[in-house]
Amino acid sequence: MGVYAITGGATGIGAELKSQLEQAGHRVISVDIKEGDVVADLSTADGRQRAVDGVRELAADGLDGFIPCAGLPPVARPLSLIAQVNYFAVIATVEGLRDLVAKKNGSILFVSSNSAPMVPADDPFVQGCLGGDETATCAALEERDGHTAYAGSKRAVTIWMRRNVVAYAADGIRLNAVAPGITMTPLTEQVLQDEEMGEVIRAFGDSVPLGGTAQPRQIANVMRFLLSEDADFVCGSVFFVDGGSDAMLRAEDF
Ligand code: NAD
C-alpha cells in the first residue's frame with residue numbers, strides 16, 4: 001500500500017481525504033498548524049522547512065503522493081497570509097518534496113478552486129506569485145481584496161502546476177489539480193459568517209446547476225481517484241468538482 005503526505009489534513013477536505021486513503025490501507029502523513037504527524041505553520045519559511053524535513057524523516061523511502069491541501073479562506077487577514085499559505089507554501093513544499101515523490105513515480109495533487117478562473121492570469125497579483133518574490137507580492141496584495149487574494153492564489157497555483165507538468169513528468173511525477181466548488185468545511189463556515197462575503201457565497205450556492213454545496217466526501221472521492229493508478233495517464237488536468245458552476249460561467253472557455 002502507498003505512503004502519502006498531505007498538508008491541511010486536520011480538518012475539512014484534507015481530513016476526509018486522509019481518512020479515505022487510510023481506509024483503503026494507505027499510510028498518510030499529515031502536516032498541519034493544528035495537529036498532525038508534523039505540526040508546522042506553513043505561512044513562514046521556518047514552518048515550511050519544518051514541514052519538508054518532517055515528511056522526509058517519516059517517508060525516507062519516498063511518497064506515492066503529495067497533496068498540498070492547507071488553505072485559508074478569502075476572509076482571512078492580513079491578506080498576505082492568504083498568499084503565504086495558499087500559494088507560496090504550496091510551491092515551497094512541492095519543490096521540497098519533489099525528489100521523494102519521484103522515488104516512487106508518484107503524483108502531486110494541487111487544490112485549486114472553481115473561483116480560480118475568476119481572476120485573470122495577467123492580474124498583477126497572479127503574476128507576482130508566479131514571479132516568486134513573496135515579500136513584494138504580499139506587500140502589494142494588502143491594497144487589494146479577499147476575493148483577489150483567494151481566487152488569485154488558486155489561479156497562480158493552477159498555472160504553476162500546468163507550467164511544471166513537463167519537467168515533473170520527466171521525473172515520472174504526475175501533476176494535477178482538483179477545483180472544488182463551495183464545500184461544507186470549517187473554511188466555508190468562516191466565509192458564511194462574514195457579513196459581506198456570507199451573502200455573496202449563499203447567492204452563488206443557490207445558482208449552482210446541481211444545487212447547493214458539496215460535502216468533503218464528494219471532493220475527496222475524486223481526489224482519491226486522481227491519486228490512484230486508475231488515473232495513471234491523467235496529467236496536467238484541472239478537475240472541477242463544483243456541481244457545474246464553472247461550466248455555467250465559462251461554457252466556451254476550456
Ligand atoms: P479547512 O479550513 O477545513 O482546512 C484547511 C486546513 O489547513 C486546516 O486543517 C488548517 O489548520 C490548515 N491550515 C491553515 N493555515 C495553515 C498554516 N498556516 N499552516 C499549516 N496548516 C494550515 O478548509 P477546507 O475547505 O477543507 O480547505 C482545504 C483546501 O480546499 C484549501 O486549499 C481550500 O482553499 C480548498 N478549497 C476549499 C473550498 C471550500 O468551499 N471549502 C472550495 C475550493 C477550494
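In this predicted model, helix α3 passes helix α5 in a right-handed crossing. The axes of α3 and α5, the latter spanning residues 134-141, come within 8 Å and cross at roughly 140°, which makes α3 oblique to α5, since an angle has to be over 145 degrees to count as roughly antiparallel. On the α3 side the contact is made by L79, S80, A83, Q84 and F88, and these meet E134, T137, C138 and L141 of α5. Sorted by class, the contact of α3 with α5 has 5 nonpolar, 3 polar and 1 charged residues.

Helix α3, which covers residues 79-103, also packs with helix α6, residues 146-163, at an angle of about 15° and with the two axes 8 Å apart. That angle makes α3 roughly parallel to α6, because angles under 35 degrees fall into that category. The crossing of α3 and α6 is right-handed. From α3 the residues L79, I82, N86, Y87, V90, I91, V94 and E95 take part, and they meet G146, A149, Y150, S153, K154, A156, V157 and W160 in α6. By class, this contact of α3 with α6 has 11 nonpolar, 3 polar and 2 charged residues. L79 is listed in the contact of α3 with α6, and L79 is also listed in the contact of α3 with α5.

W160, one of the α6 residues in that contact, leads on to the aromatic side chains. The model has 3 aromatic pairs by the rule applied here. In one of them, the rings of F110 and W160 have their centres 5.9 Å apart and their planes at 45°, so the pair is classed as tilted. F110 belongs to strand β5, residues 107-111, whereas W160 belongs to helix α6, so this pair ties together parts that are 50 residues apart in sequence. Both partners are shielded: F110 counts as buried because its relative accessibility is 0%, and W160, with a relative accessible area of 8%, is buried as well. W160 also pairs with Y168, the ring centres being 5.9 Å apart and the planes at 70°, so this pair is edge-to-face. F110, W160 and Y168 thereby belong to one aromatic cluster.

Y168 itself sits in helix α7, residues 165-170, and counts as buried because its relative accessibility is 1%. Once its neighbours within four places in sequence are set aside, Y168 is in contact with V94, E95, R98, I108, W160, I173 and L175. Of these, V94 and E95 are also among the α3 residues that meet α6. In C-alpha to C-alpha terms, Y168 and S107 are 9.3 Å apart in space, although 61 residues apart in sequence.

Two details of the backbone remain, and both concern loops that adjoin α3. As a background, most residues other than glycine have a negative phi, and most peptide bonds are trans. A cis peptide bond, with omega about -5°, joins R77 and P78, and P78 is found in the loop between β4 (65-68) and α3. In the loop between α3 and β5 lies N105, which has a positive phi of about 45° although it is not a glycine. N105 counts as exposed because its relative accessibility is 57%, whereas F110, in strand β5, counts as buried at 0%.

Note on methods: Residues are numbered from 1 along each chain as its sequence is written. This is a predicted model: local features need pLDDT of at least 70, side-chain atom pairs count only at pLDDT 80 or more; totals for chains, interfaces and linings use all residues. Side-chain values use heavy atoms; hydrogens and water are left out. Axes are lines fitted to C-alpha atoms, for helices over the stretch in contact, and angles run from 0 to 180 degrees between N-to-C directions. Helices (H or I, at least four residues) and strands (E, at least two) are DSSP runs, numbered from the N terminus. Angles under 35 degrees count as roughly parallel, over 145 as roughly antiparallel, 65 to 115 as roughly perpendicular and the rest as oblique. A crossing is left-handed if the near helix is turned anticlockwise from the far one by less than a right angle, and right-handed if clockwise. Contact means heavy atoms within 4.5 Å. Ala, Val, Leu, Ile, Met, Phe, Trp, Tyr, Cys and Pro count as nonpolar, Asp, Glu, Lys and Arg as charged, and the others, Gly among them, as polar. Rings of Phe, Tyr and Trp (its six-membered ring) pair if their centres lie within 6.5 Å; planes under 30 degrees apart count as stacked, over 60 as edge-to-face and the rest as tilted. Buried means under 20% relative accessible area, exposed over 50%, partly exposed in between (1.4 Å probe, protein chains only).
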